[in-house]
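I opened this notebook to record what I looked up in one protein structure. The entries run from the whole chain to single residues.

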Amino acid sequence: MAWIFLVLAGCCEVLGVIGMNRIVRRRAFSSYLLMFGSFAGSFALLSSAMGSLPMGTAYAVWTGIGTVGSALVGMFLYGESRSWPRMLCIAVILASAVGLKLIT
């Protein structure tokens, strides 16, 4: 159950970053609500996951999901670069998160 909470926390972090990007593009109450609500949910879920997962593993996987998810959202929703070095770095982050899961 802790890993499910951790994955959901990472997904909420990505939503928070989307809200942050919306604020930069257009300041609206809904954007602030999306950002603060998503980050609050993310921290709550991360806290629940850390109840049974080691702190270092939980934090590294949470930031990895957020980093990879945010980069993918940037590529597919906002037209950011899809260059191979960028994709390689994302793959390394993803492989590291999976590696932490396998050894924990």
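The entries below follow the order in which I consulted the model.

**Entry 1: the whole chain**

I note at the outset that this is a predicted model. I looked up the secondary structure and found 4 helices and 0 strands in the protein. Read along the sequence, the pattern is α-α-α-α. I then asked how the radius of gyration compares with the globule rule for 104 residues. The radius is 14 Å and the rule gives 13 Å, so the protein is as compact as a globular protein of that length. I also recorded the box filled by the C-alpha atoms, which is roughly 40 × 35 × 15 Å along the principal axes.

**Entry 2: burial, contacts and surface**

I looked up how many of the 104 residues count as buried, and the share is 34%. For the contacts with a separation of 6 or more, I found that 63% join residues 24 or more positions apart. The accessible surface comes to about 6200 Å². Carbon and sulfur atoms hold 74% of that surface.

**Entry 3: the largest nonpolar core**

I wished to know which residues make up the largest nonpolar core. The core has 12 residues in all: Ala2, Leu6, Ala9, Cys12, Leu45, Leu46, Ala49, Leu53, Ala58, Val61, Trp62 and Ala97. Two or more of these residues come from each of helix 1 (2-25), helix 2 (29-49) and helix 3 (55-78). Helix 1 gives the most, with 4 residues. As background, I wrote down that nonpolar side chains tend to be buried together in soluble globular proteins.

I followed one core member further. Beyond its neighbours within four places in sequence, Ala2 is in contact with Ala49, Ser52 and Leu53. Ala49 and Leu53 are themselves listed in the core.

**Entry 4: a nonpolar patch on the surface**

I next turned to the outside of the protein. Leu94, Val98, Leu102 and Ile103 form a nonpolar patch on the surface. Together they have about 450 Å² of accessible area. I chose Ile103 for a closer look and found it in helix 4 (residues 84-103). Is Ile103 buried or exposed? Its relative accessibility is 71%, so Ile103 counts as exposed, the cut-off being over 50%.

**Entry 5: the salt bridge**

I looked up the salt bridges, and the count comes to 1. The partners are Arg86 and Glu80, whose closest N and O atoms are 3.1 Å apart. I added a general remark that side chains of opposite charge can pair when their charged atoms come close. Arg86 has 26% relative accessibility and therefore counts as partly exposed. Glu80, at 37%, also counts as partly exposed.

**Entry 6: Gly74**

Gly74 led me back to Glu80. Its place is in helix 3. At 3% relative accessibility, Gly74 counts as buried. Setting aside neighbours within four places in sequence, I found Gly74 in contact with Gly79 and Glu80. I also looked up its separation from Asn21: the two are 53 residues apart in sequence, and their C-alpha atoms are 9.6 Å apart in space.

**Entry 7: Thr57**

Thr57 also lies in helix 3. Its relative accessibility is 10%, so Thr57 counts as buried, the limit being under 20%. Which residues does Thr57 touch, not counting those up to four places away in sequence? I found Trp3, Leu100 and Thr104.

**Entry 8: Arg22 and Ser83**

I closed with two residues that are partly exposed. Arg22 has its place in helix 1, and its relative accessibility is 29%. Apart from neighbours within four places in sequence, Arg22 is in contact with Arg27, Ser30, Ser31 and Leu34. Arg22 and Tyr32 are 10 residues apart along the chain, and their C-alpha atoms are separated by 8.4 Å.

Ser83 is in the loop between helix 3 and helix 4. Its relative accessible area is 31%. I compared its position with that of Leu34, which is listed above as a contact of Arg22. Ser83 and Leu34 are 49 residues apart in sequence, and 29 Å separates their C-alpha atoms.

Methods. Residues are numbered from 1 along each chain as its sequence is written. This is a predicted model: local features need pLDDT of at least 70, side-chain atom pairs count only at pLDDT 80 or more; totals for chains, interfaces and linings use all residues. Side-chain values use heavy atoms; hydrogens and water are left out. The radius of gyration is taken over C-alpha atoms; the globule rule is 2.2 Å times the number of residues to the power 0.38. Buried means under 20% relative accessible area, exposed over 50%, partly exposed in between (1.4 Å probe, protein chains only). Contact means heavy atoms within 4.5 Å. Accessible areas come from the Shrake-Rupley method with a 1.4 Å probe; for residues, only the protein chains shown count as cover. A nonpolar core is a set of buried Ala, Val, Leu, Ile, Met, Phe, Trp, Tyr and Cys residues joined through side-chain atoms within 4.5 Å. Patches are made of residues with over 30% relative accessible area and no salt bridge: like charges are joined within 9 Å, nonpolar side chains (Val, Leu, Ile, Met, Phe, Trp, Tyr) within 5 Å. A salt bridge is a side-chain nitrogen of Lys or Arg within 4 Å of a carboxyl oxygen of Asp or Glu.
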